There are 4 protein chains.
Amino acid sequence: MFTRRQQEIVEAAIDLIAEDGIQNLTIKNLSRRIGVTEAAIYRHFESKLDILLAILTFFREQQTALFQSIQQQHHRALDRLKTFFIERFRQFTRKPALAAVIFSEEIFQNDPRLVKMINEIMDMTLKYVRGVILEGQSAAEIRTDISDEQLSLMALGGMRLLVARWHLSDHPFDLLQEGERLWEAIQQILEV
Amino acid sequence: MFTRRQQEIVEAAIDLIAEDGIQNLTIKNLSRRIGVTEAAIYRHFESKLDILLAILTFFREQQTALFQSIQQQHHRALDRLKTFFIERFRQFTRKPALAAVIFSEEIFQNDPRLVKMINEIMDMTLKYVRGVILEGQSAAEIRTDISDEQLSLMALGGMRLLVARWHLSDHPFDLLQEGERLWEAIQQILEV
Amino acid sequence: MFTRRQQEIVEAAIDLIAEDGIQNLTIKNLSRRIGVTEAAIYRHFESKLDILLAILTFFREQQTALFQSIQQQHHRALDRLKTFFIERFRQFTRKPALAAVIFSEEIFQNDPRLVKMINEIMDMTLKYVRGVILEGQSAAEIRTDISDEQLSLMALGGMRLLVARWHLSDHPFDLLQEGERLWEAIQQILEV
Amino acid sequence: MFTRRQQEIVEAAIDLIAEDGIQNLTIKNLSRRIGVTEAAIYRHFESKLDILLAILTFFREQQTALFQSIQQQHHRALDRLKTFFIERFRQFTRKPALAAVIFSEEIFQNDPRLVKMINEIMDMTLKYVRGVILEGQSAAEIRTDISDEQLSLMALGGMRLLVARWHLSDHPFDLLQEGERLWEAIQQILEV
DNA sequence: TATGAATGAGATTTCATTCAT
DNA sequence: AATGAATGAAATCTCATTCAT
């Protein structure tokens with residue numbers, strides 16, 4: 001789907017945003033980081049907007065793959081959720097820049113196509129988590145006195161807030177470790 | 001603290017950001033909206049950065065006031081939390097633009113002073129919620145089998161995610177109503 | 001001729017130029033230094049140009065006074081020259097800012113009225129020194145094998161260069177003392 | 001060292017300053033004169049400051065070359081000085097703009113890097129002239145009753161003042177011719 | 001005499017993008 | 001596939017100046 005060069009550009013773009021915010025993502029900075037001319041970027045992407053779209057596409061595909069792999073490997077709802085959460089924390093630990101970008105939806109507000117895609121991704125995630133919770137409720141694994149909607153809000157919201165704190169104050173703690181503790185708490189709350 | 005004109009500018013700035021993201025906040029747009037020249041803005045703020053700082057200051061002061069008022073009016077931990085959550089949802093319903101700005105910490109990343117202030121605000125909020133939860137745990141109002149840290153992450157995180165969804169998809173539901181439902185769930189989870 | 005406030009403005013203007021060059025002389029800086037509003041400056045001078053003209057006028061008058069006083073107090077050419085040189089060095093030592101301004105004719109290039117005045121001042125000085133030298137030559141005090149024109153160029157030029165060096169490298173030596181040594185040399189050269 | 005375009009820009013900058021002073025050197029004027037957009041200038045120099053530095057670098061290199069060529073071609077001190085003086089007058093006659101710029105040290109006062117470079121150049125020149133005079137004194141070509149320091153001040157100072165007059169009053173005489181007359185006088189003074 | 005509020009013009013610089021080579 | 005040179009538009013900010021109070 002993406003050529004090697006395109007991937008390189010997308011990764012550099014994510015890094016730039018992570019380092020100093022969206023305003024830091026300019027074609028000049030991008031080309032400098034990769035070591036080519038500004039003009040060269042346009043061999044690989046038609047416009048800056050396309051680069052931003054590529055970032056989101058990249059993330060969406062990764063997430064879709066994660067969902068599928070989870071569905072195949074685990075069958076109990078709580079196991080699925082646990083894998084999803086822990087895997088995400090692991091991802092962010094490996095590539096912190098992604099955290100900076102993917103939870104900052106406001107960054108992409110300036111174009112309708114971007115807004116649409118961000119919405120899709122957020123929807124997809126929420127729907128997945130809600131779906132698994134619903135399954136868990138049907139299977140009597142997860143409490144039913146609170147709706148799947150509220151439970152997913154708190155679970156996902158907790159995760160996002162933890163990641164946001166971690167990123168904003170420059171990774172002052174071990175995200176994976178804290179993530180596991182958060183998951184313990186979430187599990188305790190979800191369980192019947 | 002702020003003159004009338006300065007307040008006007010800060011509000012216009014919040015609106016501009018809310019409408020189309022940070023990139024929409026230019027001195028030109030700002031001055032046009034207020035109906036003065038670009039140069040006139042600089043009579044009231046030394047630089048654009050100072051306007052952004054003023055937005056954060058404004059929010060911080062509002063929040064500090066809210067905290068104080070809550071502490072005086074309510075004494076049970078769960079009442080305090082409820083008021084905090086509901087009042088926030090009400091605030092965002094009244095001034096949706098604020099939601100767009102205040103939960104988008106990444107927007108302000110490009111200057112150390114801004115990052116510092118954003119961190120302060122986030123810390124302040126988390127500490128407040130954790131503090132009240134701790135009180136509730138001491139008073140046997142709130143469960144103690146999950147730590148105040150994890151509980152506050154889920155509660156605040158849930159709220160942030162709800163607001164983010166609401167803002168991103170252009171206010172498709174009644175935030176106050178959904179907020180109350182979320183609070184019900186949070187309360188159910190916190191209670192002993 | 002100039003009101004007290006006007007004098008204050010002129011002095012502040014000289015200081016500003018001396019500190020960081022002509023670009024540092026803005027109405028804003030000027031008013032800030034004096035402690036009034038920008039608008040207030042315009043009560044005392046019609047325009048910035050008039051302030052620059054006032055600086056030159058101020059200097060010209062000071063110099064005219066010096067010339068007259070010298071003519072009255074001394075009668076031998078070499079005494080007159082000596083007083084002129086030493087007095088100038090003393091002046092610059094007392095008010096270093098003046099040196100920065102008055103020997104930087106290029107500063108005033110952007111307006112014909114300023115250029116005209118600068119030329120007048122330079123002409124006046126050169127003519128004075130040449131005149132005194134001529135007198136000295138007639139009175140057989142000063143050598144006649146080199147013309148008054150060349151002698152005045154070297155004498156005045158030497159002084160200007162010494163002052164320029166002193167000002168540019170932030171007053172690293174005692175100007176008056178070095179000035180006296182330079183004068184000794186000049187005198188030795190002028191004498192029959 | 002400098003590309004062709006960069007040289008072109010430097011020359012245009014010198015001309016602009018010569019015509020109407022530093023305030024006339026704007027990126028707009030510069031680009032207009034060269035026939036490109038303002039943005040194009042920034043392809044060749046990172047900032048306006050760099051252009052000013054380039055002017056000084058250009059002059060310094062020219063001067064260094066002149067020094068070396070003189071040292072190789074002449075061996076008597078007075079010949080060396082003569083060549084230096086006359087060559088300089090010739091230079092200014094050929095490129096009058098340079099005179100306007102290079103003797104107006106105050107113009108560059110607003111940046112420490114510029115001040116430093118101006119000082120270097122002035123020092124270099126004074127040291128060269130003093131050095132040659134010292135040699136002449138050792139070789140009994142030049143009088144020793146006045147120190148090299150005072151002699152160089154008068155010689156160089158005289159030259160600077162002549163050039164300043166010539167430039168300020170719009171080249172009303174033949175600089176080379178007057179320069180030669182000044183040199184005659186200087187020589188007469190230096191000789192034993 | 002001075003201020004507070006404003007302005008139009010213009011400064012430097014950056015941006016995404018284009019195009020001939 | 002990449003570069004070198006350029007551009008038009010726009011960004012932030014500064015300037016001298018004005019005017020009602």
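In this predicted model, chain B and chain A share 4 residue pairs in polar contact, with both partners at pLDDT 80 or more. On the side of chain B that touches chain A, the elements that give two or more residues are α1 (4-20), α7 (112-138), α8 (148-168) and α9 (175-190) of chain B. The largest share of this side comes from α8(B), with 15 residues. By class, the side of chain B that touches chain A is made of 22 nonpolar, 12 polar and 11 charged residues.

How many residues does each chain bring to this contact? Chain A gives 45 residues and chain B gives 45 residues. The size of an interface is often expressed as the accessible area lost when the parts come together. For chain B and chain A the buried area is about 3900 Å², and 61% of it lies on carbon and sulfur atoms. Within chain B, the residues that lose the most area to chain A are B:E106, B:L161 and B:L168, which together make up 18% of what that side buries.

Charged pairing across this interface comes next. Side chains of opposite charge can pair when their charged atoms come close. Between chain B and chain A the count is 1 salt bridge. A:E149 and B:R165 meet through their side chains in a salt bridge, at 4.0 Å from N to O. Chains C and D offer a pair with these residue numbers too: C:E149 forms a salt bridge with D:R165, and the closest N and O atoms are 4.0 Å apart. This pair joins two chains, because C:E149 lies in helix α8 (residues 148-168) of chain C and D:R165 in helix α8 (residues 148-168) of chain D.

Other pairs of chains do not touch. Chain A and chain C are joined by no contact, and their closest C-alpha atoms lie 31 Å apart. Chain B and chain D also have no contact, with their closest C-alpha atoms 21 Å apart.

Over all chains, the count comes to 57 salt bridges. One of them links the side chains of C:E38 and B:R43, at 3.1 Å from N to O. This pair crosses between chains, from C:E38 in helix α3 of chain C to B:R43 in helix α3 of chain B. Its two members differ in how open they are: C:E38 is partly exposed because its relative accessible area is 27%, whereas B:R43 counts as exposed because its relative accessibility is 63%.

A salt bridge within a chain is found in chain D, where D:E87 pairs with D:R90 and the closest N and O atoms are 3.7 Å apart. Both D:E87 and D:R90 sit in helix α5 (residues 77-94) of chain D, 3 residues apart, about one turn of the helix. D:E87 is partly exposed, with a relative accessible area of 22%, and D:R90 counts as partly exposed at 34% relative accessibility. In chain A, a network of salt bridges links A:R60, A:K116 and A:E120.

Turning to the DNA, strand E is surrounded by 31 residues, the closest being A:K48, B:R5, B:T37, C:T37 and D:K48. Of the atoms of DNA strand E that come within 4 Å of the protein, sugar and phosphate account for 57%. Where do the polar atoms of A:Y42, C:T37 and D:I27 lie relative to DNA strand E? A polar side-chain atom of A:Y42 lies 2.9 Å from a phosphate oxygen of the strand, and one of C:T37 lies 2.4 Å from a phosphate oxygen. For D:I27, a backbone N or O atom lies 2.7 Å from a phosphate oxygen of DNA strand E. The elements that give two or more residues to the surface near DNA strand E are α3 (38-44) of chain A, α3 (38-44) of chain B, α3 (38-44) of chain C, and both α2 (27-34) and α3 (38-44) of chain D. This surface has 14 nonpolar, 8 polar and 9 charged residues.

Around DNA strand F there are 31 residues, of which A:T37, B:K48, C:K48, D:R5 and D:T37 come nearest. Sugar or phosphate holds 58% of the atoms of DNA strand F within 4 Å of the protein, and the rest belong to bases. Side-chain N or O atoms approach phosphate oxygens of DNA strand F at 3.0 Å for A:R5, at 2.8 Å for A:H44 and at 3.0 Å for C:Y42. Two or more residues of the surface near DNA strand F come from each of α3 of chain A, α2 (27-34) and α3 of chain B, α3 of chain C and α3 of chain D. The surface near DNA strand F divides into 14 nonpolar, 8 polar and 9 charged residues.

How values were computed: Residues numbered from 1 in each chain as written. Chains lettered and ligands numbered in written order. Predicted model: local features only at pLDDT ≥ 70, side-chain atom pairs only at ≥ 80, totals over all residues. Heavy atoms only, no water. Contact = heavy atoms within 4.5 Å. Buried area = accessible area lost by both parts, 1.4 Å probe. Polar contact = N/O pair within 3.5 Å; in protein donor to acceptor, adjacent residues only side chain to side chain. Helix = DSSP H or I, 4+ residues; strand = E, 2+ residues; numbered from the N terminus. Nonpolar A, V, L, I, M, F, W, Y, C, P; charged D, E, K, R; others polar. Near = heavy atom within 4 Å. Buried < 20%, exposed > 50% of the residue type's maximum accessible area, 1.4 Å probe, protein only.
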